[in-house]
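Here are some short exercises to help you find your way around a new structure. Take a look at the sequence and the model, then work through the solutions at your own pace.

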Amino acid sequence: MLEYLLSFLILTGATLTFIGSLGLLRLKDFYMRLHGPTKATTLGVGSLLIASALFFSSRNAGISLHEILITVFLVITAPVSAHLLAKAALHLNLHSFAKMPVKSTKGEEGADDDAMDTQTPEEKSSSSDTHVPRKPV
Amino acid sequence: MLDSVIPIALGLVTAAVAMSFWRLMCGPSMPDRILALDTLYINTIALLMLLGIHLGSALFFEAALLIALMGFIGTVALCKYLLRGDIIE
């Protein structure tokens with residue numbers, strides 16, 4: 001019974017880790033890429049660590065607490081590093097596929113849309129460049 | 001059951017390591033590379049855990065804990081460098 005539970009946890013953890021790295025490889029935008037591994041990899045490594053804790057607790061007499069330490073450390077540090085990465089990307093003005101928010105005043109709406117339309121091909125042409133100046137909102 | 005599951009899981013996690021290494025090599029911007037490095041060390045922790053279960057040895061936990069600690073410090077230092085241009089002000 002315990003072996004089936006361990007196998008399920010190990011397969012789930014390895015599959016989630018794989019999906020997280022696949023998202024890192026395949027998604028188009030830095031902000032989408034940030035979304036993939038910071039969630040899936042933490043959950044995958046968490047279930048692998050739970051499986052390891054169950055395995056070594058059933059094998060030895062005492063409860064093994066090393067995995068709990070690593071899990072707590074990863075769960076605390078993953079949001080901090082994701083937040084810092086997002087701050088660094090916003091600081092560098094990385095290219096994003098999401099639309100910029102448009103000012104919702106009545107008279108200038110058409111002018112704003114035109115300005116956005118003229119700016120979009122520039123951003124697309126230099127999509128790999130890191131220093132695309134953004135239009136202030 | 002466990003002996004047949006662990007090689008599959010090892011293969012999946014190794015493929016994850018290879019994919020994040022690919023993003024580390026050809027990522028178009030600096031935060032992409034830092035994110036790939038972050039994912040790479042988390043995948044390495046998963047690989048060490050699987051190897052510990054496979055070999056039945058509890059010696060890998062200290063290595064995994066050290067990798068987690070040093071990887072987090074490295075990520076924070078690189079992000080601070082990108083944000084401020086300096087690490088210790």
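**Exercise 1.** Find which residues B:Met49 touches, leaving out those up to four places away in sequence.

*Solution.* Start on the other chain: B:Met49 touches A:Leu48, A:Leu49 and A:Ser52. Then turn to its own chain, where B:Ala64 is touched as well. Two residues are in contact here if their C-beta atoms, placed from the backbone, lie within 7 Å.

Before going on, a note on the model: it is predicted, so local features need pLDDT of at least 70 and side-chain atom pairs count only at pLDDT 80 or more, while totals for chains, interfaces and linings use all residues. Residues are numbered from 1 along each chain as its sequence is written, and chains are lettered from A and ligands numbered from 1 in the order in which they are written.

**Exercise 2.** Place B:Met49 in the largest nonpolar core and say which elements build this core.

*Solution.* First, the term: a nonpolar core is a set of buried Ala, Val, Leu, Ile, Met, Phe, Trp, Tyr and Cys residues joined through C-beta atoms within 7 Å. A residue is buried if 20 or more other C-beta atoms lie within 10 Å of its own, exposed if 12 or fewer, and partly exposed in between. Next, the members: the core has 49 residues, and B:Met49 is one of the four that touch the most other members, along with B:Val13, B:Ile45 and B:Ala46. Two or more residues each come from helix 1 (2-26), helix 2 (30-59) and helix 3 (66-91) of chain A, and from helix 1 (2-26), helix 2 (30-55) and helix 3 (60-84) of chain B. Helix 2 of chain B gives the largest share, 12 residues. Helices are DSSP runs (H or I, at least four residues), numbered from the N terminus.

**Exercise 3.** Work out how many residues each chain brings to the contact.

*Solution.* Chain A brings 46 residues and chain B brings 42. On the chain A side, helix 1 gives the most, with 16 residues.

**Exercise 4.** Describe the fold of chain B and explain why it counts as spread out.

*Solution.* From the N terminus on, the elements run α-α-α. The radius of gyration, taken over C-alpha atoms, is 16 Å, well over the 12 Å from the globule rule (2.2 Å times the number of residues to the power 0.38) for 89 residues, so chain B is more spread out than a compact globule. Finally, the C-alpha trace spans about 50 × 30 × 15 Å along its principal axes, and 39% of the residues of chain B count as buried.
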